[in-house]
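Colleague: Could you walk me through this one and tell me how you arrive at your labels?
Modeller: Sure, let's have it up on the screen.

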Amino acid sequence: RSDGYHEIFSVMQAVSLFDLISIEAASGEGITVRCSDPNVPSDSSNLAHRAASIFLGRSGIKRRVDIIIDKKIPVGAGLGGGSSNAATVLMGLNDMLKAGFGEKELMEAGSALGSDVPFFMLNCPAVARGRGEILQRLALPRYQYILINPCFKVSTAWAYSNLDLTKKTEDNNLSYSEAILGDIDKLKGCLANDLELVTLPEHPE
């Protein structure tokens, strides 16, 4: 795309693995972040920190915000850990401080932080288009996932920057219909991940 992003068409589904976020909003100013995983930054590069900053800026509310992250999602696992934390901070502060932002306003704030932040505000599966910010709620059949952590990180930015779909001749759009995505056997047959083309050669294990 002209903005540097890839146009995506993805099915997104939340799973039962999640970080625990504690938020305290007190009188004063400033934002602090502490995390149980020392590999997670605690400065303004942390998405939860940025979420608190953008929320306070857009709401005009002055508070000191302290955030504690009990990390359960592996860092760099491609499971949206940082994005889900940012969404939680936005929704949590909106509720705690009674700012009155609606879903649309929160999603706009989330989109400014990252393409997949708005998804974690839906509380349901979705089809994501655009750069990930265009969401359509979806009813998926119940099924289980097996998540295996290979114990190495893959940068999402690196994966996308090394992806060149224009070299492929086949259609890269996921065939989509409510009937297909609502049927477990048909769903399993149409799911694919184009980023495997980049990741597997780099990490054959």
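**Helix α2 and a residue in β4**

Modeller: In this predicted model, α2 covers residues 81-96, so 16 residues, and spans 22 Å from its first C-alpha to its last, close to the 22 Å expected at 1.5 Å a residue.

Colleague: Which residues of α2 are buried, and what makes them count as such?
Modeller: The cut-off is under 20% relative accessible area. The residues of α2 that count as buried are Gly81, Ser83, Ser84, Asn85, Ala86, Ala87, Val89, Leu90, Gly92, Leu93 and Asn94. They pack against β2 (20-26), α1 (47-59), β4 (64-70) and α3 (103-113).

Colleague: How do α2 and α3 pack?
Modeller: At an angle of about 145 degrees, with 10 Å between their axes. The crossing is right-handed. On the α2 side the contact is made by Ala86, Leu90, Met91 and Asn94, and on the α3 side by Leu106, Ala109, Gly110 and Leu113.

Colleague: What makes two residues of that contact polar?
Modeller: Gly counts as polar, and so does anything neither nonpolar nor charged. Gly110 and Asn94 are therefore the polar pair. The other six residues are nonpolar, and none is charged.

Colleague: And just after α2, what does Lys98 do?
Modeller: Lys98 takes a positive phi of about 50 degrees.

Colleague: Over in β4, why is Ile68 called partly exposed?
Modeller: Its relative accessibility is 36%, and partly exposed runs between 20% and 50%, so Ile68 falls in that class. Beyond its neighbours within four places in sequence, Ile68 contacts Leu20, Ile21, Ser22 and Arg34. Its C-alpha is 5.8 Å from that of Val33, 35 residues apart along the chain.

Methods: Residues are numbered from 1 along each chain as its sequence is written. This is a predicted model: local features need pLDDT of at least 70, side-chain atom pairs count only at pLDDT 80 or more; totals for chains, interfaces and linings use all residues. Side-chain values use heavy atoms; hydrogens and water are left out. Helices (H or I, at least four residues) and strands (E, at least two) are DSSP runs, numbered from the N terminus. Buried means under 20% relative accessible area, exposed over 50%, partly exposed in between (1.4 Å probe, protein chains only). Contact means heavy atoms within 4.5 Å. Axes are lines fitted to C-alpha atoms, for helices over the stretch in contact, and angles run from 0 to 180 degrees between N-to-C directions. A crossing is left-handed if the near helix is turned anticlockwise from the far one by less than a right angle, and right-handed if clockwise.
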